Amino acid sequence: FCHGVLNTDNMSIVGVTIDYGPFGFMERFNPDWACNHSDDGGRYTYAKQRDICQWNCQKLAEALKPLLNPDAEIELEEAVG
């Protein structure tokens with residue numbers, strides 16, 4: 001299974017995609033396959049799904065950072081790299 005648009009606004013914190021968006025199933029394994037035909041840059045290829053999900057979680061952590069206790073910033077930096 002490959003999701004074609006793993007944007008920050010359509011992925012839950014547990015990794016569930018909550019947008020209909022383009023998606024597809026591969027007939028043969030191809031890590032460079034992108035089911036979103038408008039993805040000319042290959043951002044949403046099957047091989048990059050994990051990295052995109054991690055990037056999305058990183059952006060969520062950055063958005064929440066101002067709300068955290070200053071002592072928690074060290075833990076956040078360690079968690080997101």
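Modeller: Helices are DSSP runs of H or I with at least four residues, strands are runs of E with at least two, and both are numbered from the N terminus. With that in hand, K65 can be placed: it sits in the loop between α1 and α2, the latter spanning 72-80. Keep in mind that this is a predicted model.

Colleague: How many helices and strands are there in the protein chain?

Modeller: The protein chain has two helices and two strands. Along the sequence they come in the pattern β-β-α-α. The first loop to look at lies between β1 (2-3) and β2 (23-24), and D19 is in it. M11 is also found in the loop between β1 and β2. Helix α1 covers residues 49-64 and includes N56.

Colleague: What does the radius of gyration of the protein chain look like beside that of a compact globule?

Modeller: For 81 residues, a compact globule would come out near 12 Å, whereas the protein chain has 15 Å. Read that value together with the box: along the principal axes, the C-alpha atoms fill roughly 50 × 20 × 20 Å.

Colleague: Of the 81 residues, what percentage count as buried?

Modeller: The figure is 28% of the 81 residues. The protein chain exposes about 5900 Å², and carbon and sulfur atoms supply 55% of that area.

Colleague: How many positive and how many negative side chains does the protein chain have?

Modeller: There are 6 positive and 13 negative side chains, and the centres of the two sets are 6 Å apart.

Colleague: What share of the contacts with a separation of 6 or more comes from residues 24 or more positions apart?

Modeller: Such residues account for 38% of those contacts in the protein chain. M11 serves as an example, with C53 lying 42 residues away in sequence and 7.9 Å away in space, C-alpha to C-alpha. A short distance in sequence is not needed for a contact list either: leaving aside neighbours within four places, M11 is in contact with V16, T17, I18, C53, N56 and C57.

Colleague: Is M11 buried or exposed?

Modeller: M11 has a relative accessible area of 11%, and the cut-off for buried is under 20%, so M11 is buried.

Colleague: Which residues does N56 contact, leaving aside its neighbours within four places in sequence?

Modeller: N56 is in contact with L6, N7, T8 and M11. At 6% relative accessibility, N56 counts as buried.

Colleague: How many disulfides does a search of the whole structure find?

Modeller: Zero. In general, a disulfide is a covalent bond between the sulfur atoms of two cysteines. Here the cut-off is a pair of cysteine sulfur atoms within 2.5 Å. The closest cysteine sulfur to that of C53 is in C57, 7.0 Å away, so the pair is too far apart for a bond.

Colleague: What are the relative accessibilities of the two cysteines, C53 and C57?

Modeller: C53 has 22% and counts as partly exposed. C57 has 33% and is partly exposed too.

Colleague: Where is F1, and which residues does it touch?

Modeller: F1 is in the segment before β1. Not counting residues up to four places away in sequence, F1 touches F23, G24, F25, Y46 and Q49. For one of these, G24, the C-alpha distance to F1 is 5.8 Å, with their positions 23 residues apart in sequence. F1 has a relative accessible area of 46% and is partly exposed.

Colleague: What does D19 touch, not counting residues up to four places away in sequence?

Modeller: D19 touches H3 and N10. Its relative accessibility is 36%, which counts as partly exposed. A C-alpha distance can also be read for a pair such as D19 and W55: they are 36 residues apart along the chain and separated by 17 Å.

Colleague: To return to K65, how many Å separate its C-alpha atom from that of G4?

Modeller: The separation is 28 Å, for two residues 61 positions apart along the chain. K65 itself counts as partly exposed, at 24% relative accessibility.

Note on methods: Residues numbered from 1 in each chain as written. Predicted model: local features only at pLDDT ≥ 70, side-chain atom pairs only at ≥ 80, totals over all residues. Heavy atoms only, no water. Buried < 20%, exposed > 50% of the residue type's maximum accessible area, 1.4 Å probe, protein only. Rg over C-alpha atoms; globule rule 2.2 N^0.38 Å. Contact = heavy atoms within 4.5 Å. Areas by Shrake-Rupley, 256 points an atom, 1.4 Å probe, with all protein chains shown as cover. Lys, Arg positive; Asp, Glu negative; His and termini not counted. Charge placed at Lys NZ, Arg CZ, Asp CG, Glu CD.
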